[in-house]
Amino acid sequence: PSSKQALLLTAAEGAVSSCLQAGTSKLSALLRSRWPIAVLLGFVHKNRMQGVADSSEVAIAPDGVESLGFESQISLSADGAAFVALQRSDDIYPWVRYVARAMPSEHLHLELPWPAAAPDFETVREEVMALLSHFPVTDYPSPSNNEETWKTLCLVCNGGTQDPTTANATTFAKTPLLRFAPALEGFIDLFGKTGRVRLSVLLPNGMIAWHPDDGLLESGRLILHIPIQSSLGALTRVGNLMLHMLPGSIQWADYSFPHTVFNADPGLPRVHLIVDVKAVDNDAFERNFL
């Protein structure tokens, strides 16, 4: 019943977290299971051991992937895009089949170029990590925040405060934190008109449950992710896609579709800079990114 689905998903997510925390034997059993995320985890773990992440292009079909509704090819481009797996159907999440039928993958996910006018990624990364080491993050206020593992730090938010909510926001303004990160501030300025800009931190073994972002298409907004710190265990599902986004890239996905994130790394938080771009009549964004 629909009234029980959220409880069931939460229980399943808790069971997975317990397996990951329990040690190698249970983790190995999990990776051999038929859960789709577990299959991709096994794939990236295997390839990491073989050192293929340094290859110019990878296309490998993990064992049993077709039976889980995935396309047989999972690819990685070395210019910084992402591991991308396509899913044809899913017995648990019914929207996957309809999205797969209706939408080509390039309409769901795209990498944008790093602007020539932008500071180099390492400078941006250093300033982000310095902010996180000096200022406290807060729990992101969402029912999708599983066991309070999703944290946030506002850079441009409601009234220039650390309030990350948008429901009652009247103006979005820079927070005082950007005074300590001039390169990061300059990078954000390249996007032109924006709504909320924040650092999203997903703790080890953390999960953001399935949810859509409302009002994106109606308001002409694009949600862009710039991975700052990640590992091969940090996975995002959007519609019928499963992604691992690489640090140092700028990634767009259509988050108006249901999406979820799982950080299976036992020790490394997943850190993304998330920029909510107001794309309509935004000359700076078109000039720098399109």
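Reader: What share of the contacts with a separation of 6 or more comes from residues 24 or more positions apart?
Author: Heads-up: this is a predicted model, where local features need pLDDT of at least 70, side-chain atom pairs count only at pLDDT 80 or more, and totals for chains, interfaces and linings use all residues. Numbering runs from 1 along each chain as its sequence is written, and side-chain values use heavy atoms, with hydrogens and water left out. A contact here is heavy atoms within 4.5 Å. Of the contacts with a separation of 6 or more, residues 24 or more positions apart account for 67%.

Reader: And how much of the chain counts as buried?
Author: The cut-offs are under 20% relative accessible area for buried, over 50% for exposed and partly exposed in between, with a 1.4 Å probe and protein chains only. Of the 290 residues, the buried share is 49%.

Reader: Which element gives the most to the largest nonpolar core?
Author: A nonpolar core joins buried Ala, Val, Leu, Ile, Met, Phe, Trp, Tyr and Cys residues through side-chain atoms within 4.5 Å, and the largest one has 32 residues, with Leu 155, Leu 184, Phe 187, Phe 191 and Leu 273 making the most contacts inside it. Elements are DSSP runs numbered from the N terminus: helices are H or I with at least four residues, strands E with at least two. Those supplying at least two core residues each include α6 (182-189), β6 (150-158) and β15 (270-278). With 5 residues, the top contributor is α5.

Reader: Leaving aside neighbours within four places in sequence, which residues is Leu 273 in contact with?
Author: Leu 273 is among the residues with the most contacts inside the largest core. Its partners beyond those neighbours are Leu 155, Leu 184, Phe 187, Val 197, Arg 198, Leu 199, Leu 224, His 225, Ile 226 and Ile 228.

Reader: How many residues are in the other core that lies apart from that one?
Author: Among its members are Val 84, Val 238, Ala 253 and Phe 257. The total for this other core is 14 residues.

Reader: Now the holes: which element supplies the largest share of the lining of the largest pocket?
Author: On a 1 Å grid over the protein atoms alone, a pocket is an open set of points with protein on both sides within 12 Å along at least five of seven lines, a cavity is a set where a 1.4 Å probe fits but cannot get out, and lining residues have an atom within 4 Å of a point. Points join across faces, edges and corners, and a volume is the space filled by probe spheres set on them; for the largest pocket that's about 730 Å³. Of its 33 lining residues, Tyr 140, Thr 166, Arg 196, Arg 198 and Asp 213 are the closest to the centre. The largest share, 5 residues, comes from β15.

Reader: What's the volume of the largest cavity?
Author: The whole structure has 2 cavities of 30 Å³ or more. The largest has Leu 216, Trp 252 and Asp 254 among its lining residues, and β10 gives the largest share of that lining, 3 residues. Its volume is about 50 Å³.

Reader: Where does Asn 205, with its positive phi, sit?
Author: Its phi is about 60°, although it is not a glycine. Asn 205 is also buried, with a relative accessible area of 9%. You'll find it in the loop between β8 and β9.
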